[in-house]
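Biologist: I've never looked at this one before. Could you walk me through it and tell me how each label is earned?

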Amino acid sequence: AVYSMASNEQTAAATADPDPSQLQSTQELTVFVQNLLQQMQGRFATMSDQIIGRIDEMGSRIDDLEASIGELMAQAGVEEEPSAPAGGGDAAAASTEVAAAESS
């Protein structure tokens, strides 16, 4: 019983008065993890911006392609079939959804 009392007193003393090196180590780990999370957040934001830029570029290319096809069909005298409105509706909607998700 004496051993367990001494052990409990040592544990209580260690909890009440933490070793300064352990405290510093814990603080360093906390700072490291926070820096790592900030780096990851920055990289994610950069990648997200790049993806949105590529989606917008792809939408512009599709619009240009649709215009070129329309011109070629007009030159050939073929009537256009009604299609979805120009402007890359799906790409624009996708980039709007991504932008809305980022702001929340």
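Modeller: Sure, let's begin with a contact: the side chains of Arg61 and Glu57 meet in a salt bridge, 2.9 Å from N to O. Keep in mind that this is a predicted model, where local features need pLDDT of at least 70, side-chain atom pairs count only at pLDDT 80 or more, and totals for chains, interfaces and linings use all residues. Residues are numbered from 1 along each chain as its sequence is written, and side-chain values use heavy atoms, with hydrogens and water left out.

Biologist: Why is the contact of Arg61 and Glu57 called a salt bridge?

Modeller: The rule asks for a side-chain nitrogen of Lys or Arg within 4 Å of a carboxyl oxygen of Asp or Glu. Arg61 and Glu57 have N to O at 2.9 Å, so the pair fits the rule. By this rule the count comes to one salt bridge.

Biologist: Where do Arg61 and Glu57 sit?

Modeller: Both are in helix 2, four residues apart, about one turn of the helix. An α-helix has 3.6 residues a turn, so residues three or four places apart point the same way.

Biologist: What makes Arg61 exposed?

Modeller: Exposed means over 50% relative accessible area, buried under 20%, and partly exposed in between (1.4 Å probe, protein chains only). Arg61 counts as exposed because its relative accessibility is 58%. Glu57 has 40%, so Glu57 is partly exposed.

Biologist: And which residues of helix 2 are buried?

Modeller: Those are Ser48, Ile52, Ile55, Gly59 and Gly70. Across the protein chain, 7% of the 104 residues count as buried.

Biologist: How do you know that helix 2 reaches close to its expected span?

Modeller: The expected span is 1.5 Å times one less than the number of residues. Helix 2 (residues 20–76) has 57 residues, so 84 Å is expected, and its first and last C-alpha are 83 Å apart. Right after helix 2 comes Gly77, with a positive phi near 80 degrees.

Biologist: What counts as a helix, and how many are there?

Modeller: Helices are DSSP runs of H or I of at least four residues, strands are E runs of at least two, and both are numbered from the N terminus. The protein chain has three helices and zero strands.

Biologist: Which element has the highest mean pLDDT, and which the lowest?

Modeller: pLDDT is the predictor's confidence in each residue, from 0 to 100. Helix 2 has the highest mean, 94, and helix 1 (residues 2–16) the lowest, 50.
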